[in-house]
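Please open the model in a viewer and keep the selection tool at hand. The tour below proceeds from the sheet to the helices and then to the cores.

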Amino acid sequence: MKVRMASEKDIARMHVLLSQVELVHHKGRPDLFKCGGQKYTDEELREILKDKDRPILAAVDDEDCLQGYAFCMFQQHKESHVLTDIKTLYIDDLCVDENVRGQHVGTLLYEAVLDFARAHGCYNVTLNVWSCNESAMKFYRARGLKEQKVGMEVIL
């Protein structure tokens, strides 16, 4: 298993993994997440792949088949009156194919994200996790991530 930048040839497999993520979210919060929804069209994925500010890292097997991805975004608060001007790499979505979970693909991918962020001068790496996704919470905590802020809600 190795990590490289994603390309257009990965789009079909991205849809498979995006569907797996969508199902986890739907099961955890069916009031918020539709079942069977598609997060991106092929064209939207092509546009993201072209955007240097939205890198996608791809974990691929020996046949160069996508087994995991990390959709990322560079963030910076330039000219903010309250926030410092640090460069952040935000992980918008990280997924490992359910068929290879437990084989350290997620750890390999996450460490590659950290290396990528360091190489691009980032101060930190951030992400959001739905509280209903306990396995993801456990995974990130095991890698040393700590809560930065907490989203709260009341359902009316």
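Two strands count as paired if DSSP finds at least two bridges between them. The model shown here is a predicted one.

Begin with the sheet. Select its five strands, which form an open sheet in the order β1-β2-β3-β4-β5, with mixed pairing. At the edges lie β1 (2-5) and β5, each of which pairs on one side only. On average, and with direction ignored, neighbouring strands of this sheet are turned by 30 degrees against each other.

Next, restrict the selection to β2 and β3. These strands run antiparallel and are joined by five bridges. Select A58 as an example: its bridge partner in β3 is Y69.

Now add the helices that pack on the sheet. Helix α1 (residues 11-28) touches β2, β3 and β4, and its direction makes about 80 degrees with that of β3. Helix α3 touches β1, β2, β3, β4 and β5; its direction makes about 160 degrees with that of β4.

Turn then to the nonpolar interior. Which residues of the largest nonpolar core touch the most other members? Select L57, L89, I91 and V113, which do so within this core of 25 residues. Among the elements that each supply at least two residues are β2 (56-60), β4 (87-96) and α4 (134-142). The most comes from α3, with eight residues.

Centre the view on L89. Beyond its neighbours within four places in sequence, L89 contacts residues including P55, F74, V113, F116 and V125.

Finally, select M14, L18, L45 and L66, which belong to a second, separate core of 16 residues.

Conventions:
Residues are numbered from 1 along each chain as its sequence is written. This is a predicted model: local features need pLDDT of at least 70, side-chain atom pairs count only at pLDDT 80 or more; totals for chains, interfaces and linings use all residues. Side-chain values use heavy atoms; hydrogens and water are left out. A nonpolar core is a set of buried Ala, Val, Leu, Ile, Met, Phe, Trp, Tyr and Cys residues joined through side-chain atoms within 4.5 Å. Buried means under 20% relative accessible area, exposed over 50%, partly exposed in between (1.4 Å probe, protein chains only). Helices (H or I, at least four residues) and strands (E, at least two) are DSSP runs, numbered from the N terminus. Contact means heavy atoms within 4.5 Å. Axes are lines fitted to C-alpha atoms, for helices over the stretch in contact, and angles run from 0 to 180 degrees between N-to-C directions.
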